[in-house]
Amino acid sequence: MKKITLKIGGMSCSACQNRVEKYLNKQDGVIKASVNLVMANAYIEYEDKLKVKDLERFIKEAGYECLGEYKLDDDKKKNNDEKLRLIIFGILALLVFYISMAHMLGLPKIPFLDMMKHPKSYVVSLLILTIPFLIYGKDILVRGIKNLIHLAPNMDSLVTLGVSASFVYSLVNLINFLNNKGDLTNIYFEACAIIIFFIKLGRYIEKTSHEKTKTAIKELVTITPAKAYLKKEQGIEEVTIDEVKKGDILVAKIGTKIAVDGEIIKGYAYIDEAFITGEAKQNKKNVGDKVIAGSKVLNGYIEYKAERIGKDSTISEIVRLVVEASSKKGKLEKLTDRVSG
């Protein structure tokens, strides 16, 4: 049996999460698959007969994109780019709204875009301003169509149907108007633009919340040190955490961090465990006391036996609980998914 965590692109709601998870779990050779919307990844346990390329193909068949093996990387630059685009399209959305609604709200009209005096300029300007929004929301529209093809409609599908219907209907009416066969009462280009903008705004706010969760998890992961001091017959040797085995005797001095969960077998120390307890006070630890990976030795010297390493450590357990909590859905959310489906 093999295990891997893959990064998934294109998931926007819990319906997407359910779609990928169900599709993966019904594939031959996949033992268990768990998809996390917040972390945008899929943890998969699979048989040796499958390869990573097969798993990537399954995700693609489900209508989503596999972005390779998952890592807690830094997406700060990407988020800044998204924020800039959102600001630009926010300004355009306000302009579209003003052009289309100023006469209804009693606001000053833009002279050369007045619906009554310059109807052609008015309607053509709305068409031109709406096209960039269709390009901006291309990812939503493409996913919506894919999910309809796979008979797994979600919110993207609903948005795609609404935007497409509004745009095509308005375009037909625009052509009729330019051919003197209709009027401007059934033009809804602004609806297409505003819908896409608000969906993008909501996604950005949601993604920002997800990124905060990711940041918190990253901070938890980096609490534990990358190195440990292993006691051997010939002396003390600096090793990586991966080299530490259960039962090894490790050393911690003033200013160093406890590498793994263990039990003190020699010495005593004052240790800062604020990241676990929330208390700023120093805790004195003696022989027989337990120490937690990531806690810092403020004073003293100890030798301790490694007990819980890697995924069994307290920090790893906390990270697992945070990730699970972020992906679990309440009864109301499950009911909402069922109704929206």
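Contact here means heavy atoms within 4.5 Å. With that settled, a look at the model, which is a predicted one, can start from the chain as a whole.

The secondary structure adds up to 10 helices and 11 strands. For 341 residues the globule rule gives 20 Å, but the radius of gyration comes out at 28 Å, well over that value, so the chain is more spread out than a compact globule. The C-alpha trace spans about 95 × 50 × 35 Å along its principal axes. Of the 341 residues, 42% are buried. Among contacts with a separation of 6 or more, 66% are between residues 24 or more positions apart. As for the surface, the accessible area of the chain is about 19500 Å², and carbon and sulfur atoms own 59% of that. On the charge side, there are 53 positive and 42 negative side chains, with the centres of the two sets lying 4 Å apart.

Next comes the N-terminal end. Methionine 1 sits in the segment before strand 1. Its relative accessible area is 56%, and the cut-off for exposed is over 50%, so methionine 1 counts as exposed. Exposed or not, methionine 1 still has partners: setting aside residues up to four places away in sequence, it touches Ile31, Glu45, Tyr46 and Asp48. A long way off is isoleucine 175, 174 residues along the chain, with 61 Å between the two C-alpha atoms.

Helix 2, which covers residues 52-61, has four residues to note on its buried side: Asp54, Leu55, Phe58 and Ile59. Viewed down the helix axis, these buried residues fall within an arc of 140°, so they line one face of helix 2. The general background is simple: an α-helix has 3.6 residues a turn, so residues three or four places apart point the same way. Lys53 and Lys60 are exposed on the other side of helix 2. What do the buried residues of helix 2 pack against? The list takes in strand 1 (2-9), helix 1 (14-25), strand 2 (30-36), strand 3 (41-46) and strand 4 (65-69). Just past the end of helix 2, glycine 63 adopts a positive phi of about 100°.

Further along, the loop between helix 6 (155-178) and helix 7 (189-221) is home to leucine 184. Is leucine 184 buried or exposed? Its relative accessible area is 14%, and buried means under 20%, so leucine 184 is buried. Not counting residues up to four places away in sequence, leucine 184 touches Met115, Pro119, Tyr122, Val123 and Phe177. The C-alpha atom of leucine 184 is also 9.4 Å from that of lysine 120, although 64 residues separate the two along the chain.

Asparagine 180 belongs to that loop between helix 6 and helix 7 as well. Asparagine 180 is not a glycine, yet it has a positive phi of about 60°. With a relative accessible area of 69%, asparagine 180 is exposed, whereas leucine 184 is buried.

Serine 121 is located in helix 4, which runs over residues 119-136. At a relative accessible area of 36%, serine 121 counts as partly exposed. Leaving out neighbours within four places in sequence, serine 121 makes contact with Phe112 and Leu113.

Last up is isoleucine 149, in helix 5 (residues 138-149). Isoleucine 149 has a relative accessibility of 63%, so this residue counts as exposed. How far apart are the C-alpha atoms of isoleucine 149 and valine 251? The separation is 60 Å, for two residues that are 102 apart along the chain.

Notes:
Residues numbered from 1 in each chain as written. Predicted model: local features only at pLDDT ≥ 70, side-chain atom pairs only at ≥ 80, totals over all residues. Heavy atoms only, no water. Helix = DSSP H or I, 4+ residues; strand = E, 2+ residues; numbered from the N terminus. Rg over C-alpha atoms; globule rule 2.2 N^0.38 Å. Buried < 20%, exposed > 50% of the residue type's maximum accessible area, 1.4 Å probe, protein only. Areas by Shrake-Rupley, 256 points an atom, 1.4 Å probe, with all protein chains shown as cover. Lys, Arg positive; Asp, Glu negative; His and termini not counted. Charge placed at Lys NZ, Arg CZ, Asp CG, Glu CD. Arc of directions from axis to C-beta.
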